[in-house]
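Welcome, and thanks for opening the viewer. Could you walk through this model with me, one selection at a time?

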Amino acid sequence: MTTVPVRSAQLPPGLPEALRRAAAVLGRPAARPAGRRWDVAVVADSGPTMGIWEGTVRAFARELHRTGAFGHVTEHRLPHEPGRDPASLSRHDTAGRLTLLLTDGAGPRWGDHGTERLLRRWAQAGPVAVIQLLPHPMWPATGLRHWQVLLRSPAPGAANHRLRWRARGLGPDVDDLPPGGCPAVPVPVLELSARWLDAWSGLLGGTPPEWLPLTVTFPRARMAEARDPDSLRQGAATLVARMRSAVPEQVFTLATMLAAIPLTDALVRQVQESLMPGSSLTDFALLLVHGLVRPVKSADSLRGDEALPAYEFGYGVREELLAAGRRTDLIRVVELVGDRRGADGEHLWRLPRLLRGATVSQLPPLTVESGPWLLAENTVLHALSGPFLERAREVDTLVAGLREEQPRSAPRTSTSTSTSTTAPPQPSHPVAHTPGDADHPMNQGNRRPAMTQQAPANTAGTERTRNTPTVWGNIPPRNPNFTGRKDLLEALHQRLLKEKTTAVLPHALHGMGGVGKSLLAVEYLYRRMAEYEVVWWIPAERTAQISLSLVELASRLGLTPGSDASSTVAAVMEALRVGRPFSNWLLVFDNAESPESVRPFFPAGGPGNILITSRNPQWASIARPLEVDVFLREESKQLLRLRGPEISDEDADRLAEALGDLPLAIEQAAAWHAETGMLVDEYLRLLSDKRVDLLRGTAPLDTQHPVIAAWNISLDQLETKNPAAYQLLQVCSFYAAEPIARTLFARMPRGSIAPELDLALEDPIRLGQVIREIGRYSLARFNHRNNSLQMHRLVQAALQYRMTEEDRSTMRRGAHLLLAASDPNDPDNVLRWERYGSLYPHVVVSEAVHSDESWVRNLVVNEVKYLLRWGDYASCLELARTAHETWSRSLGEDHGQTLQVARWLGFLLFSMGSVNDHVIPRARRHVIPQVLTLFMST
């Protein structure tokens with residue numbers, strides 16, 4: 001195993017206690033003859049990616065020693081040294097030996113059956129288990145195959161070859177299980193957590209013998225085709241695409257950040273701690289597992305020198321990651337490293353000054369120390385392109401030799417190097433930027449998912465793009481725990497093949513949310529993406545959001561923007577209607593509540609499909625509905641056991657029954673159990689208590705008591721454990737059920753909201769911990785692709801129901817203050833329109849027009865001006881009219897801000913009179929006649 005700098009490691013909470021409980025089980029008389037104790041052999045895998053886990057392995061072995069409950073604790077490494085095979089060690093005065101193999105499952109031994117002989121021999125000598133160091137959802141990305149089965153031990157401490165097993169019918173590989181009755185030896189596979197160790201302890205106890213649900217591997221089970229030990233041979237674009245489709249978005253964001261710097265262990269830690277405080281050692285380990293990063297071959301000689309990289313990216317991987325990343329993230333990383341290195345490091349890290357346009361020092365000579373810094377600088381400058389290319393070319397020749405030494409994908413062809421033999425490999429998109437694109441992805445054409453065999457968008461028609469849309473926009477991240485719905489997905493597919501429009505509507509729940517309409521649509525898009533050239537997701541609750549999304553689509557279709565939003569939207573709909581430049585498209589209008597408002601944005605025919613998600617049954621008369629009901633019972637149980645494999649069939653059935661098989665409630669209960677490990681009986685008791693509380697009060701949405709009760713259990717825990725996280729949720733409950741940009745929390749409001757939340761807003765690291773805590777309980781989803789937080793409207797309803805009137809007033813005011821703090825105060829600037837567009841739905845839903853704060857009202861006026869400049873006259877009229885009427889009553893008609901909004905309302909009415917004469921008579925009924933007079937007099 002390559003030696004790399006070892007990080008200090010902390011074991012998961014509760015693990016020491018779980019180890020003592022396992023020892024206690026083995027300490028019972030039936031498993032401990034003559035008072036003897038059990039020995040433990042800790043075996044560490046030696047795969048090329050295991051170096052990062054050395055600290056964890058050592059901490060685990062130390063904790064076993066500290067329990068004092070075991071006999072001899074010996075440490076081993078694969079391949080084991082002569083005479084150090086755990087199965088051959090002497091066992092004088094011991095009751096037996098446990099063998100625990102710690103691995104990330106990424107080494108070549110798991111693809112070529114290299115561990116089969118060892119596992120089988122250990123299984124003859126005593127109990128053996130594999131401890132997978134990665135979280136359970138990440139296991140499919142490794143070479144360690146696993147199945148969910150029922151196990152039974154005939155006696156305490158029985159060796160694995162004596163265990164009996166039977167299938168549970170769960171998991172994607174259920175058809176690959178060994179034939180029933182064959183002499184396959186099951187080896188439990190455990191996540192390194194107290195909950196998984198406790199489940200295994202139940203098996204070790206063996207008294208009374210009972211069937212227990214566990215995850216196992218079979219040393220002689222039929223294996224998948226061996227993994228290529230050099231995964232970089234797949235090619236950088238394919239490698240990055242596969243990794244992105246398999247990991248949480250925060251892991252991919254971390255990868256794009258690290259692509260800008262040399263991978264010293266110290267710098268990796270700094271980026272994670274300062275810029276992604278919710279990130280963990282596991283996140284970086286996934287970069288190793290997926291082959292994007294590997295230990296430096298000469299790391300043995302670098303040990304102890306943190307100034308030199310311990311890891312390196314494969315050939316072309318940096319370029320692909322930078323093309324997919326965001327410019328703002330890149331700049332944050334560059335500045336962070338510059339701050340950490342200070343003036344003494346500027347001769348090596350010149351990027352901060354280069355990006356600011358300042359004078360920089362001359363190129364340093366190429367040395368072992370300077371080479372990694374120059375390579376990172378060169379790659380970043382090429383990625384930024386434009387005015388930075390000249391500086392990049394100055395470094396090309398100097399680093400050409402270093403590029404040739406990078407771990408290779410397939411050899412480059414002559415076409416891939418026709419422009420230069422020293423420039424970095426080109427990413428799948430060229431990257432060009434304007435000064436105002438700081439909040440946009442580094443590659444505007446790359447806003448699409450990276451799936452298996454997926455390719456860059458602007459290489460349409462090549463071998464690499466046959467399985468990906470050319471234009472893929474704003475689709476939410478895929479739910480890694482998506483379960484069931486096979487028949488619905490197939491029915492939707494068949495309808496879309498035959499018809500121009502299809503609506504996904506709730507039916508059996510009478511408009512009730514929480515059945516997973518949007519999640520079903522997202523899953524369909526990821527599965528069927530190869531069948532479309534254009535896939536575009538449109539938030540459709542408000543017309544302003546629809547317009548904003550379609551205007552963004554215009555640039556992706558290569559259309560010239562019109563003079564305002566209306567003309568640009570018209571051009572988009574016409575391009576889709578005639579099928580130029582793309583003849584096969586799919587538009588998704590999500591949460592389209594008003595058919596009258598949304599229908600005008602549908603193309604009048606054309607070679608594409610329109611998919612709608614809505615709770616409004618009126619769509620049934622316009623589009624052919626597809627009923628989305630609650631889960632089937634087996635689907636509910638499958639989701640519960642996916643997050644908690646140790647949950648028995650009986651307990652899963654009881655949970656599903658209590659939660660009404662409502663997908664949103666099932667997901668919440670699964671997240672709670674995964675986080676707390678609470679016994680099912682205790683959870684059901686709490687759930688019953690919460691439902692009684694709801695029935696006694698005036699809870700909203702009385703047909704959805706199960707999911708609100710489930711959330712209240714988590715909210716109670718969060719309120720006690722992390723008040724700042726709970727208060728942030730309270731504030732967000734007054735926003736729209738749309739993405740909330742994390743930058744909204746990065747600007748200090750002009751006033752206090754709540755003491756704990758104020759402290760979190762002042763400290764980015766503490767704020768990251770708050771958001772991470774919210775995500776752990778599945779109370780909101782954080783989208784790292786666009787750096788936003790989104791809450792389900794039912795969570796918002798549950799939170800507001802829990803508040804007193806005083807709390808509602810306080811938290812609504814906090815919502816307004818955060819919005820006002822994010823006001824760029826420049827609505828005439830085109831570069832600020834995206835910010836105003838993202839704030840608009842939250843301004844409306846939070847009822848900012850009713851705020852007593854002058855700077856909040858100023859934001860409302862700026863939103864009116866933005867909508868007017870943008871060309872969305874209908875939304876502008878509604879907001880301006882509401883503000884004018886409200887402020888006329890509360891502030892008086894002569895107040896400065898009332899007059900200000902009246903002026904813009906008058907201008908709007910005047911403009912609409914010349915553009916759309918039929919609107920004015922209707923509008924005049926809602927505003928005082930003096931408005932037009934006021935405008936005409938100014």
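Start by selecting Asn591. In this predicted model, Asn591 has a relative accessible area of 12%, so it counts as buried, the cut-off being under 20%. Trace the backbone on either side and you will find Asn591 in the loop between β14 and α19 (595-598). Now check its backbone angles: phi is positive, about 60°, although Asn591 is not a glycine. Most residues other than glycine have a negative phi.

Next, step back along the chain to the loop between α18 (565-578) and β14 (585-590), where Pro581 lies. Select Arg580 together with Pro581 and look at the bond joining them. Is that peptide bond cis or trans? The bond from Arg580 to Pro581 is cis, with omega near 10°. For context, most peptide bonds are trans.

Now jump to Asn825, in the loop between α29 (805-821) and α30 (833-845). Here is another residue other than glycine with a positive phi, this time near 55°.

For the last stop, select Arg166 in strand β6 (residues 164-170). How buried or exposed is Arg166? With a relative accessible area of 43%, Arg166 is partly exposed, because that value falls between the 20% and 50% cut-offs. Show the surroundings too: setting aside neighbours within four places in sequence, Arg166 is in contact with Val149, Leu150 and Trp211. Finally, add Pro213 to the selection and draw a C-alpha to C-alpha distance from Arg166: the two are 9.7 Å apart in space and 47 residues apart in sequence.

Methods:
Residues are numbered from 1 along each chain as its sequence is written. This is a predicted model: local features need pLDDT of at least 70, side-chain atom pairs count only at pLDDT 80 or more; totals for chains, interfaces and linings use all residues. Side-chain values use heavy atoms; hydrogens and water are left out. Helices (H or I, at least four residues) and strands (E, at least two) are DSSP runs, numbered from the N terminus. Buried means under 20% relative accessible area, exposed over 50%, partly exposed in between (1.4 Å probe, protein chains only). Contact means heavy atoms within 4.5 Å.
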